[in-house]
Amino acid sequence: MSNTFLWTKNYSVGIDLLDSQHKTLMELTDNFVLGCIEATSGDIKPYFKKQITAILDYLVLHFRMEEQLLSILKFPAAAAHRRGHARCMGEIYYWLNEINSLKSQVILSFTRYLRERIFDHVTGEDQGYGRYILHLKRRGFQIPRSECALAGTENEVYR
Ligand SMILES: [Fe+2]
Ligand SMILES: [Fe+2]
């Protein structure tokens, strides 16, 4: 299987730190799906369980950082964006609760869903705040340093 979900500059949201996290998320999930496909000759559950935690931990960290920044930047649709993140995590945890009773093929479908969900997040949902950030940059808006430090993104917010 080829690596079809590579990050490109077209997906940039205008903040290096978040772009780099998106890139990592896409690579992690791509490798994860590939690993699950390779493991289907046996039982994929042990592989799945071992790898899924790392991805979800990273996703939670990413969502949290994104939400902090959108709040600092006073993104008008920040609340709706936060709800989108919560919905995504809800869907994922619903699947994880069912995982022990599921067949390998169904788990494989979930891994593909997860990869597409991450892809949609980066190339769809997040592009809305990307346009907003571009708009702020054009107007010369600067984020107060103290607030950037709060989100751990000092010196990384503006390129
Ligand atoms: Fe994101
Ligand atoms: Fe997001």
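In this predicted model, Gly14 is partly exposed, with 18 other C-beta atoms within 10 Å. That count falls short of the 20 or more that would make a residue buried, and it is above the 12 or fewer of an exposed one, so Gly14 ends up in between. Gly14 sits in the segment before H1. Leaving aside residues up to four places away in sequence, Gly14 touches Gly130, Ile133, Leu134 and Lys137. With Ile133 the link spans 119 residues along the chain, yet the two C-alpha atoms are separated by 6.5 Å.

Next, the helix packing. The axes of helix H3 (residues 78-98) and H4 come within 12 Å and cross at roughly 180°, which makes H3 roughly antiparallel to H4. On the H3 side, the contact is built from His81, Gly84, Cys88, Ile92 and Trp95, while H4 brings in Phe110, Leu114, Arg117, His121, Glu125 and Tyr129. Sorted by character, the residues of this H3 contact with H4 come out as six nonpolar, three polar and two charged.

As for the nonpolar cores, the largest one has 15 residues, and Cys36, Phe48 and Ile118 have the most contacts inside it. Helix H1 (16-39), helix H2 (45-72) and helix H4 (104-138) each chip in with at least two residues of this core. Phe48 touches Cys36 and Ile107, again not counting residues up to four places away in sequence. There is also a second, separate core of seven residues, with Ile15, Leu18, Leu69 and Leu70 among them.

Conventions
Residues numbered from 1 in each chain as written. Chains lettered and ligands numbered in written order. Predicted model: local features only at pLDDT ≥ 70, side-chain atom pairs only at ≥ 80, totals over all residues. Core = buried A, V, L, I, M, F, W, Y, C linked by C-beta atoms within 7 Å. Helix = DSSP H or I, 4+ residues; strand = E, 2+ residues; numbered from the N terminus. Contact = placed C-beta atoms within 7 Å. Axes fitted to C-alpha atoms, helices over the stretch in contact; angles between N-to-C directions. Parallel < 35°, antiparallel > 145°, perpendicular 65-115°, else oblique. Nonpolar A, V, L, I, M, F, W, Y, C, P; charged D, E, K, R; others polar.
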